[in-house]
Amino acid sequence: MATDQISILFVCLGNICRSTMAEGIFRSMISKPPYKALISEVDSCGTGAYHTGASPDSRTMSTLEDNGITDYDHAARKILPSDFSRFDYIFAMDRDNLSDLQKIHRRAGGKAKVMLFGEYAGKKKAEEVDDPYYGARDGFEIAYEQCVRFSKNFLKDAFPDVKA
């Protein structure tokens with residue numbers, strides 16, 4: 001079993017829909033044993049600064065709340081070069097953001113493993129979390145389901161000896 005704590009950063013474009021959804025779900029999952037002692041930090045950000053300082057989209061918050069996650073709070077921020085040294089895993093929600101993150105990572109360096117969160121889809125092919133911002137509420141529900149599934153699969157992979 002891994003004994004070192006790990007840190008995770010979730011990234012989308014504006015940091016008000018998908019990455020905040022993933023962060024809220026992941027924080028909820030690891031808030032109690034056995035994972036609480038294994039994760040040192042969880043955060044989210046965007047590759048763009050469009051919504052810096054803003055709260056998550058109301059549809060993100062209502063989707064989280066409808067699923068029992070009522071204590072999530074976040075202010076949007078843009079990715080920093082230092083994040084690549086600060087976090088062990090940086091998960092992009094889609095391939096466009098992954099490409100942007102990889103470019104920054106090449107310049108910034110750092111220990112982070114930068115990858116598509118959908119690599120943990122549990123299927124042969126990785127999935128992207130589509131941006132629900134311009135759509136209806138069902139897009140947020142789909143993103144919620146994906147983030148729950150990806151989070152569970154990541155935790156199983158990162159801590160194979162831990163029984164949740």
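Two strands pair if DSSP finds at least two bridges between them. With that in hand, this tour goes through a predicted model, from the sheet to the cores and then to the charged side chains.

**Stop 1: strands 3 and 4**

Select residues 89–92, which form strand 3, and residues 113–116, which form strand 4. The two strands run parallel and are joined by 4 bridges. To fix the register, display Ile90, which stands opposite Val114 in strand 4. Now follow the chain between them: it leaves strand 3, passes through helix 4 (residues 95–108) and arrives at strand 4 in a right-handed β-α-β crossover.

**Stop 2: strand 1 and its two partners**

Next select residues 6–12, strand 1. On one side, strand 1 runs parallel to strand 2, and 7 bridges join the two. Ile8 stands opposite Val42 in strand 2. The connection from strand 1 to strand 2 goes through helix 1, and this β-α-β crossover is right-handed. Strand 1 also pairs with strand 3, again in the parallel sense, over 4 bridges. Here the pair to display is Val11 and Ala92, the latter in strand 3, which stand opposite each other.

Is strand 1 enclosed by the rest of the structure, or left open? Of its 7 residues, 7 are buried, so strand 1 is largely enclosed. Colour its two faces separately: Ile6, Ile8, Phe10 and Cys12 lie on one side, Ser7, Leu9 and Val11 on the other, and both faces are covered.

**Stop 3: Phe10**

Stay in strand 1 and centre on Phe10. Its relative accessible area is 0%, so Phe10 is buried. Show its surroundings, leaving out residues up to four places away in sequence: Phe10 touches Ser19, Ala22, Glu23, Phe26, Val42, Asp43, Ser44, Cys45, Phe91, Met93 and Phe117. For a sense of distance, pick the C-alpha atoms of Phe10 and Arg137: they are separated by 21 Å, and the two residues are 127 residues apart along the chain.

**Stop 4: the nonpolar cores**

In soluble globular proteins, nonpolar side chains tend to be buried together. The largest nonpolar core in this model has 39 residues. Select Ile8, Phe10, Phe26, Ile39, Phe91, Phe154 and Phe159, the residues with the most contacts inside this core. The elements that give two or more residues to this core are strand 1, helix 1 (18–29), strand 2 (39–46), helix 2, strand 3 and helix 5 (137–158). Which element gives the largest share? Helix 5 does, with 9 residues.

A second core, separate from this one, has 15 residues. To locate this second core, select Leu9, Phe84, Leu101 and Ile104, which are among its members.

**Stop 5: Arg77 and its salt-bridge network**

Move to the loop between helix 2 (58–66) and helix 3 (83–86), and pick Arg77. With a relative accessible area of 16%, Arg77 falls on the buried side, since buried means under 20%. Beyond its neighbours within four places in sequence, Arg77 is in contact with Leu9, Asn15, Asp43, Ser44, Cys45, Gly46, Asp83, Arg86 and Phe87.

Now add Glu41 to the selection. A network of salt bridges links Glu41, Asp43, Arg77, Asp83 and Arg86. Within the network, the side chains of Glu41 and Arg86 meet in a salt bridge, at 2.2 Å from N to O. Glu41 lies in strand 2 and Arg86 in helix 3, so this pair ties together parts that are 45 residues apart in sequence. Glu41 counts as partly exposed at 25% relative accessibility, and Arg86 counts as partly exposed at 38%.

**Stop 6: Glu127 and two basic partners**

The structure holds 15 salt bridges, and the last stop shows a further two. Select Glu127 with Lys123: their side chains meet in a salt bridge of 3.2 Å, N to O. Glu127 is buried, with a relative accessible area of 13%, whereas Lys123 is exposed at 55% relative accessibility.

Then add Arg149, which forms a salt bridge with Glu127, with the closest N and O atoms 2.9 Å apart. This pair links distant parts of the chain, 22 residues apart: Arg149 sits in helix 5, and Glu127 in the loop between strand 4 and helix 5. Are these two residues buried or exposed? Both Arg149 and Glu127 are buried.

Methods
Residues numbered from 1 in each chain as written. Predicted model: local features only at pLDDT ≥ 70, side-chain atom pairs only at ≥ 80, totals over all residues. Heavy atoms only, no water. Right-handed = clockwise from strand over helix to strand, strands pointing away. Buried < 20%, exposed > 50% of the residue type's maximum accessible area, 1.4 Å probe, protein only. Contact = heavy atoms within 4.5 Å. Core = buried A, V, L, I, M, F, W, Y, C linked by side-chain atoms within 4.5 Å. Salt bridge = Lys/Arg side-chain N within 4 Å of Asp/Glu carboxyl O.
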